[in-house]
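Please open the structure in your viewer and keep the selection tool at hand. Each stop below says what to select and what is there.

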Amino acid sequence: MKTKKLQLPLSIKDIIDLYIGDRVLLSGIIVTGRDMAHRWLVDKKPDELRDELHEGAIYHCGPIMLKEGDTWTCRAAGPTTSIREEPYLSDVIQEYGLRCIIGKGGMGERTAEALMKYNAVYLFAVGGAAVIYADTVESVKGVYQLDEFGVPEAMWVFKVKDFPAIVSMDSHGGSLHKNITENSSYHYRNLINR
Amino acid sequence: MKKPFDEKAFTLALAECIRQASCELPRDIEQGLHDALSREKEQSTAYAVLETITQNIVLAREKSRPLCQDTGLPAFYISYPRHISPDMIKKCIEDALVLATEEGYLRPNAVDPITGKNSGNNLGEGIPALNFNEWDKSEISVKCLLKGGGSENVSAQYSLPSVELSAGRDIKGVETCVIDAVMKAQGNGCAPGIIGVGIGGDRISGYETAKKQLFRELDDHNEDPKLNELEQTLFRKLNKLEIGPMGLGGKTTVLGVKIGKAHRLPASYFVSIAYMCWACRRKELHFLLESK
């Protein structure tokens, strides 16, 4: 299986070359964001993150951060469940020109349509593998909404090197999650005799 | 001989217990994940996922860092002798939580549901969750469980009979509930999970019974032969769902099924499922109160 190296920000060409099942190593700026952040982006449309998010990546993650002096370090940074952001994410993609969403568990139909319409991908990271992902963080560039949202929900700006992920929803309508759910539904019906 | 109770030493021992729970996955779970890895083809997505998981477990232990950033809602099950005050134990646990949070072994996870404010130190109303039990040994045992929010969100409780599931008040009905819960969870509980089940009880004791099962080792056997058989049957059936590690498909959807029961009311028949992520972070502290 070949692994593609990708440098953020990502171009449309980068995106259309990606298909479900591809393994990637992502480098550049990624911004964490979860429940409070997505609502904030949709409700308030703040301008201060536009540069980081344009053709960039949002990472569904609530990290463990440690402050030593004035410097923040990232102790643990695995993905959180993405589906909770389903009501917001398509609007965020449209508003901020995101190219890439990283999380776990996959997204729903609305996001799948937005990925196709605006040329973006969903990348799967392994839940719980927090040290591996934290070790790809070369530096913490900044943080938004720390006081308002608290450490897990704040939007942390990470510079990462070779962040490993799997394309599980692509810009061509492909979704590994949909395939697995359909397959497991078939087995489910057999198991409970319906 | 009884020695005077040293609160500071107890607090530090608790903080170390929390650190170990957060950074060092129990060996039986790690072994279960290695066994799962050996069942998958090398080029498969399931293999890649399990390889990442098993590498991360080693790294976290070596580097003394939380293996998962979601250190969950800290829950403690305490057994203590009569002459020790539960309030004092509670205070020591709270101090240990604050310490472990400051040192970066726990994520601050206590959020006020009305104001949205994170307390910042893992203390809050109902947090930590404490469960006290008096016993006649001259030691304090504290079992700590760190269970992430993703797996808590997919935990479920059913009331039988269920028209929707065509499930009655019998073993077959219980099976259907558990299969349905794991099906609905897909990968969102961080599969392969450990499935704690509580049959009977009320809304609270049902979940409590289910959650307590998560302290059992993967390869143990249920003393109740009927429940033991049900555990084996469900383990086999759930792995036929092919949801796989993290829900990306594969042969291992659950690492284990552990079932307990509690007497129920004539009117109620609950089946409670405590879905535990693969990162089943449990640790027990034995704090001796007698010098030898």
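What follows is a short tour of a predicted model, from a sheet to a helix and then to the loops beside that helix.

**The sheet**

Begin in chain B with the open sheet of four strands, whose order is 2-1-3-8 and whose pairing is mixed. Select residues 129–134 and 281–288 of chain B: these are strand 2 and strand 8, the edge strands, each pairing on one side only. On average, neighbouring strands of this sheet are turned by 15 degrees against each other, direction ignored.

Next select residues 75–80 and 139–146 of chain B. These are strand 1 and strand 3, which run antiparallel and are joined by five bridges. For one position in this pair, pick B:A75, which stands opposite B:L145 of strand 3.

Add residues 86–102 of chain B, which form helix 4. Helix 4 packs on the sheet and touches strand 1, strand 2 and strand 3, with its direction at about 145 degrees to that of strand 1. Then add helix 1 of chain B, residues 7–23, which lies across strand 3 and strand 8 and runs at about 160 degrees to strand 8.

**A covered helix**

Now move to helix 6 of chain B, residues 171–185. At 1.5 Å a residue, its 15 residues should span 21 Å, and its end C-alpha atoms are 21 Å apart, which agrees.

How many of the 15 residues of helix 6 of chain B are buried? The count is eleven, so helix 6 is mostly covered, a residue being buried if 20 or more other C-beta atoms lie within 10 Å of its own. Among the buried residues are B:V174, B:E175, B:D180 and B:M183. To see what covers them, show helix 8 (176–191) of chain A. From chain B, the cover includes strand 4 (156–159), strand 5 (193–200) and helix 8 (225–238).

**The loops on either side**

Select B:P161, in the loop between strand 4 and helix 6 of chain B. The peptide bond leading to B:P161 from B:L160 is cis, with omega near 5 degrees.

Go on to B:Q186, which follows helix 6 of chain B. Its phi is positive, near 45 degrees, though B:Q186 is not glycine. B:Q186 is buried, with 23 other C-beta atoms within 10 Å.

B:C190 is in the loop between helix 6 and strand 5 of chain B. This residue also is not a glycine, and its phi is positive, about 65 degrees. B:C190 counts as buried, with 32 C-beta neighbours inside 10 Å.

End at B:P192, found in the loop between helix 6 and strand 5 of chain B. A cis peptide bond joins B:A191 to B:P192, with omega about 0 degrees.

Key: Residues are numbered from 1 along each chain as its sequence is written. Chains are lettered from A and ligands numbered from 1 in the order in which they are written. This is a predicted model: local features need pLDDT of at least 70, side-chain atom pairs count only at pLDDT 80 or more; totals for chains, interfaces and linings use all residues. Two strands pair if DSSP finds at least two bridges between them. Helices (H or I, at least four residues) and strands (E, at least two) are DSSP runs, numbered from the N terminus. Axes are lines fitted to C-alpha atoms, for helices over the stretch in contact, and angles run from 0 to 180 degrees between N-to-C directions. Two residues are in contact if their C-beta atoms, placed from the backbone, lie within 7 Å. The expected span of a helix is 1.5 Å times one less than its number of residues. A residue is buried if 20 or more other C-beta atoms lie within 10 Å of its own, exposed if 12 or fewer, and partly exposed in between; C-beta atoms are placed from the backbone.
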